[in-house]
Amino acid sequence: MTRYRAVSASLQANAFCREVLASGEVFLIEHELRGSVTWPLADDRHACPVWSSRRRIVAMLEGPLARPGLVISRHSWDEFRDEITPRLAADGLLVGLNWSGPRARGYNLEPSDAIARVEAFDASRNLDEDTDNNGRLAG
């Protein structure tokens, strides 16, 4: 069971990177009156979950994260990276990547690590585009 959850979380984190880079946007949950919403984690920390598609966040709001007054907040990747993650870091919050499943679980990373993961995914994708089938630089 633990292996399945780890693989699933890894797949969701990779999907997060791929979809964010393709669309240039992320989706967060806010309360219509109180603004930002975070969830407590087992280690006495809190996370701000973020999703890479509207479809993914709707599934969570119609399922395990359903609460009165919650709304979807769409942000550009640039805004999330440059404005939102510094605030999350200052508040000691983690970033939850594409939480999924009946218990709404996934990778929870420090904000800087979440940004670094997307940037590393982008760099590896660009490297793949610059190499031939044998891993040599094309050119």
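**View 1. Arg56, a buried residue in the predicted model, and its partner Glu19.** In this predicted model, Arg56 counts as buried because its relative accessibility is 16%, which falls under the 20% limit for that class. The side chain of Arg56 meets that of Glu19 in a salt bridge, with a distance of 2.9 Å from N to O. This pair links distant parts of the chain, since Arg56 belongs to helix 2 (residues 54-61) and Glu19 to helix 1 (residues 2-23), with the two positions 37 residues apart in the numbering. Side chains of opposite charge can pair when their charged atoms come close. The structure as a whole holds 5 salt bridges, and the contact between Arg56 and Glu19 is one of the salt bridges shown in these views.

**View 2. The salt-bridge network of Asp78, Arg81 and Asp82.** The side chains of Asp78 and Arg81 form a salt bridge at 3.1 Å, N to O, and both residues lie in helix 3 (residues 77-90), 3 residues apart, which is about one turn of the helix. Arg81 also forms a salt bridge with Asp82, where the closest N and O atoms are 2.8 Å apart. Through these shared partners, Asp78, Arg81 and Asp82 are joined into one network. Each member of the network counts as partly exposed: Asp78 has a relative accessibility of 44%, Arg81 has 27%, and Asp82 has 46%.

**View 3. The buried residues of helix 3.** In helix 3, the residues that are buried include Trp77, Phe80 and Ile84, together with Thr85 and Leu88. Arg81, by contrast, is partly exposed at 27% relative accessibility, and Asp78, at 44%, is likewise partly exposed.

**View 4. The span and bend of helix 3, and the glycine that follows.** At 1.5 Å a residue, the 14 residues of helix 3 should span 20 Å, and the C-alpha atoms at its ends are 19 Å apart, so the two values agree. Helix 3 nevertheless bends by about 40° at Ile84, and a proline, Pro86, follows within four residues. Ile84, the residue at which this bend is placed, is also among the buried residues of the helix. Just after helix 3, Gly92 takes a positive phi of about 75°.

How values were computed
Residues are numbered from 1 along each chain as its sequence is written. This is a predicted model: local features need pLDDT of at least 70, side-chain atom pairs count only at pLDDT 80 or more; totals for chains, interfaces and linings use all residues. Side-chain values use heavy atoms; hydrogens and water are left out. A salt bridge is a side-chain nitrogen of Lys or Arg within 4 Å of a carboxyl oxygen of Asp or Glu. Buried means under 20% relative accessible area, exposed over 50%, partly exposed in between (1.4 Å probe, protein chains only). The expected span of a helix is 1.5 Å times one less than its number of residues. The bend at a residue is the angle between axes fitted to the seven residues ending there and the seven starting there.
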